[in-house]
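Dear colleague,

I am passing on the structure below, followed by some notes on what was found in it. Please read them alongside the coordinates.

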Amino acid sequence: MFAYYLDLALRSCRANPVLTGLMVLALGLGIGASMTTLTVYHVLSADPLPGRSDRLHLVQLDAGQLQGWRAGEEPDEQLTRLDAQNLLAEARAPRQALMSGGTAIVQDQAEQAEARSVSARYASADFFAMMGAPLRFGSGWSAADDAAHARVVVISHELNERLFGGADSSGRSLRVQDTEMRIIGVLAPWRLTPHFYDLNMGSYARVEELFVPFATAMEIGLNRAGSMNCWGNERVNDPLAAGANCAWMQYWVELPDAQARQDYRAYLVAYAERQRQAGRFERPPNERLRSVRAWLVHKQVVPGDVRLQLWLALGFLLVCLTNTVGLLLAKCLRGTPQIGVRRALGASRKAIFAQHLVEALVIGGAGGLLGLLLAWIGLLGVRMNPASYAELARLDGPMLAACIAVSLLASVAAGLLPAWRAAQVAPALQLKSQ
Amino acid sequence: MSLHLGPIFKTLRRHKIAAGLIVLEVGLSCAIICNAVFLIGHRLAAMQLPSGFAEQESVVLQLAPIRKEANVDAATQRDLALLRGLPGVQQASVLNQVPFGDSSNNGGISRSADAARPDANASWYLAGEGWLASSGLRLLAGRDFHPEEYQSLALLRGQPDASIPGVLISRTLAEHFFPGESALGKEVYPGGNKPVKVLGVIETLGRVRPGDVQSQGDYAVVLPVRVGYDAGVYLLRAQAGQREAVIKAARAALLQADRRRVFEPALGIDELRQRHFQQDRYMAWTLALVCLVLLVVTALGIIGLANFWVRQRSRMIGTRRALGATRGQILRYFQLENLLLSALGIALGMVAAYAINLALMLNYQLPRLPLAYLPVGALALLALGQLAVLGPARRAAALPPVQVLRG
């Protein structure tokens, strides 16, 4: 039966090539636009650490001054250096890492390669294990290296390519500004989407090229980068000093389950209370402990423009669908006499309905294929966009499946009303008017 | 010309669904296009925000020492002397930041010492000697800093009690703090609780990163604090048409003075502006493209349905023609019908446009859709509808009466 309907549908499409073409074009445009924006949205709202992101949590404490305080206010996103170091020293979570962004000028030891400024991350030892950083050669550093302010670094795959032509450079030396450092690890190509552990560097920034133990970076005076918030009435002369009232460090902890989260939260409250008694904190404890996902939602990490484009494309798809429904309806009604004849010859309403739905599916399928092609072109266009996330916009398996599902769904939605109308055609009346 | 709306209504009532779909399509298009055009306007306006700098003549040089400078102040002074001596350079200075640049320093500033929270958030420009001439900014009132008023940031850091002799503020900030009166000589509190005198008001001085939907007005403050070149940029003002030559000469001179430095590409502030608004420009084009395609789809929908109607009603048209209706009357019948449907759709679309705008206002801090957009959108869609229906209507009018009746 289906083959027969398919034949009828193709015949009907051939009989009205312009109208059919218009419908396919409209559906294709709608599906293409919405799939393009949906893909971008899907990529940008991705989970940076699938399977592990619910265990990592960002710690926020409220170390601000009492002046101008409003109860219940969101505390600073970052910690002061002193608090971050205190928490790290007390190490109450299975894993924890303090960190900050930076920039440094690097050169190979022989100073053959051109000196270049690279993005850096200064962190404590657990960073690599917590973030699931893939190491190609060597390893990360240990807590002992942190304590010893060891002159060691881990470099990115890209930096290793540039300076050492991709060879195993672990054990070799690198000149970082004024200091000679030993490379102990080289990362495999690694991109975190989004760059969740420090969104100040750009939500979709690339992973840093140089990783240095935090204590070492501070000791040799490497440049810091990122956002910083200072408070108080005293002028801050050295914001990077441990005692300064400046928040500029990110602090992440790994907590395996709800119990651990609860315990850690209690510990943070107790810590803040202790700091208040010592006269350092002025405000009542106001801690936050957000998982990666909660953090990304809180920071509205998907750019407003992308959300706007998604809504725009869905609106556009709606217009295209309305258009297709209207044209399909027109086509159905034009075929009214034939439907009457078929009905008079014994076709059931169900059969007429099915026949027209198949026709809608054929048009929808063609529209979907066109949409797929347009989405592919659209994503090419998105990748030419100047935004940092542009290169990430690619169609993957799930999105391809979604694309096909959306086009079939859209065509069924567009075909239902005309098919129903066609099934309503009364046989006798039509024969009479012939 | 008499308007025979009666028969039109009667026919439309027989095709409620098809007519409803056209109304819906026009309405949705109208709602989306009104808001998209409004968004485009909003982006374009943000891109035009003046910085106050002589953007076309500017050169921004950013460089970093490979090894730590022992005396970054001395190196900066040496570089500046070199730059000022180059042919084609009007003036050179060192600033912590320039509009649309990579680094952005903003802070609170208050009118009184006891403000619980800063009264305004402003961009903080730390500027060394020659900043006014090299930037091309214009003083509206007051004076520039005197040479002895500049201090080095490195030295200031060592003295917790040191104070700043005065600041210059942007006109918008002056009006915000001292509405209706002169800001000159008044005291402001730029961070902390030490008062600083306002020495001058700058006509226009933009934020480092304008165009953020959340950013307040163009509030900016200039402090006579000289940063080292490692913590800021050199700003040069080139003579007209000399920019390329100046960039080349400046790079060569700076490298000759000290080879051990890393340069960022030199850009003018106009180029930084281009870069800063790339994303907005891209978005404006995307929106424009969507509007255009939406119009085309809507027009095609109208043409398709009108064509179908003409064919379906050919018997009625033939009868009317045989009974003496002119071609003009048939033409007008279809145009009137479309006008009616479009008007209905537009009325619906206006309501939807406002609803969408309301959602945008809540989610994107956008202003209210100006009423002026609605009649413009309405007229555009009406014209589109008339244009789309013209073809089918003319075909209907051209139908020969006798043949139709016979067929």
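How many residue pairs are in polar contact across the interface of chain A and chain B? The rule finds 6 such pairs, both residues being at pLDDT 80 or more, where a polar contact is a pair of N or O atoms within 3.5 Å, one able to donate a hydrogen and the other to accept it, and residues adjacent in sequence count only if both atoms are side-chain atoms.

This is a predicted model, in which local features need pLDDT of at least 70 and side-chain atom pairs count only at pLDDT 80 or more, while totals for chains, interfaces and linings use all residues. Residues are numbered from 1 along each chain as its sequence is written, chains are lettered from A and ligands numbered from 1 in the order in which they are written, and side-chain values use heavy atoms, with hydrogens and water left out.

The interface also holds 1 salt bridge (a side-chain nitrogen of Lys or Arg within 4 Å of a carboxyl oxygen of Asp or Glu), formed by B:Arg43 and A:Asp305, with the closest N and O atoms 2.7 Å apart.

Over all chains there is 1 disulfide (cysteine sulfur atoms within 2.5 Å), joining A:Cys230 to A:Cys246 at an S to S distance of 2.1 Å. The torsion about its S-S bond is about 105°, so the disulfide is right-handed. A:Cys230 is partly exposed at 35% relative accessible area, whereas A:Cys246 is buried at 0% (buried is under 20%, exposed over 50%, partly exposed in between, with a 1.4 Å probe and protein chains only).

Best regards
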